[in-house]
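Subject: Structure for your review

Dear colleague,

Please find below the structure that I am handing over to you. I would be grateful if you would read the notes beneath it alongside the coordinates.

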Amino acid sequence: MTSVFAQALGDDFGRLHPMMQKRFGVSLEAGYAAVGTGVMTSIRRGPWWTVPFLWIGRLRNILVPDVGLNVPFRIENYPYTDPFGRETVTFMREYRVRKRPSRFDATMIYSDELGRVIDYLGTHQHLAVDLELRVGDDGDLFLTSDAQRFYEGPIAFRFPMLFSGRAALHERWDEEAGCFRVTLEVRNHVFGFLFGYDGTFTCEFPTATDAPARLKPRRHERRE
């Protein structure tokens, strides 16, 4: 099976820069992971009234209130099969501004029913987020989050965006510098800018057809 991103983008996947195709081609069939190391040149958050959103998100490794400059970070994308038989790719980002490391945990699948990538956020996959993908003219990738659904046991509801944010990510390969460049911004439609970062990184592509346990969520959610 092709990667979740290749399935979602279809023919447009071939328009990505070859290095972007390599990075987002992680799958069980391809048999490799993408492990990136680099520097977040800037980690930013919104005004003081946005901090409660970020502290709530920190409880499940979704958002964090840290800020910093030139912070080393690591991103790990491994393919694995989840307990429901779905091909899944980890998107774990970790960095350390304070003594305690900060993590963004996400796992992604391709939904045949919805025809798009679903991004499960956090350590317990409480939030399922629809992703919209677009390939730019230079072979870069634009990712924006859309509807969010909250799942916990028998509880299921569309998560109100008043209490959350929409993410916009732009990632590209810098030919001259020989590295990937990434920019992320998370905004709330009422409170404005919540969190964002800019960074650069390089990748290794180790052989892999499963993800280390430390990268998998503590609970998997069947519902999309």
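The notes below begin with the whole chain and then turn to its strands and to three individual residues.

**Overall picture**

Please bear in mind that this is a predicted model. The protein contains three helices and 14 strands. Of its 224 residues, 54% count as buried. The accessible surface of the protein comes to about 10,700 Å², and carbon and sulfur atoms account for 54% of that surface. Among contacts between residues at least 6 apart in sequence, 57% join residues at least 24 apart.

**Strands β1, β2 and β5, with Glu76**

Strand β2 covers residues 68-77. Strand β1 (residues 34-45) runs antiparallel to β2, and nine bridges join the two. Within this pairing, Val35 stands opposite Glu76 of β2. Strand β2 is also joined to strand β5 (residues 92-95), again in antiparallel fashion, by four bridges. Here the bridge partner of Arg74 is Glu94 in β5.

Glu76 lies in β2. Its relative accessibility is 1%, and Glu76 therefore counts as buried, the cut-off being under 20%. Which residues does Glu76 touch, not counting those up to four places away in sequence? They are Ala34, Val35, Thr90, Phe91, Met92, Arg214 and Leu215. In addition, the side chains of Glu76 and Arg74 make a polar contact at 3.3 Å.

**Strands β3, β4 and β7**

Strand β3 (residues 79-81) and strand β4 run antiparallel and are joined by three bridges. Pro79 has Val89 in β4 as its bridge partner. Five residues lie between the strands in the hairpin of β3 and β4, and Gly85 in this hairpin takes a positive phi near 85°.

Strand β4 itself comprises residues 87-90, and both of its faces are covered. Glu87 and Val89 are buried on one side, while Thr88 and Thr90 are buried on the other. Strand β4 is further joined to strand β7 (residues 106-111) by two bridges, and these strands run antiparallel. The bridge partner of Thr90 in β7 is Thr107.

**Gln125**

Thr107 appears again in the surroundings of Gln125, since a polar contact of 2.7 Å joins the side chains of these two residues. Gln125 is placed in the loop between β8 (116-121) and β9 (127-135). Is this loop residue buried or exposed? Gln125 counts as buried because its relative accessibility is 1%, where buried means under 20%.

Leaving aside neighbours within four places in sequence, Gln125 is in contact with Thr107, Tyr120, Pro217, Arg219, His220 and Glu221. Of these contacts, Arg219 is 94 residues from Gln125 in sequence, yet their C-alpha atoms are 6.5 Å apart in space.

**Ser145**

Ser145 is found in strand β10 (residues 141-152). With a relative accessible area of 10%, Ser145 is buried. What does the side chain of Ser145 reach at 2.7 Å? It reaches the backbone nitrogen of Ala167. Not counting residues up to four places away in sequence, Ser145 touches Val129, Asp130, Leu131, Gly165, Arg166 and Ala167.

With kind regards

Terms used. Residues numbered from 1 in each chain as written. Predicted model: local features only at pLDDT ≥ 70, side-chain atom pairs only at ≥ 80, totals over all residues. Heavy atoms only, no water. Buried < 20%, exposed > 50% of the residue type's maximum accessible area, 1.4 Å probe, protein only. Pairing = 2+ DSSP bridges. Contact = heavy atoms within 4.5 Å. Polar contact = N/O pair within 3.5 Å; in protein donor to acceptor, adjacent residues only side chain to side chain. Areas by Shrake-Rupley, 256 points an atom, 1.4 Å probe, with all protein chains shown as cover.
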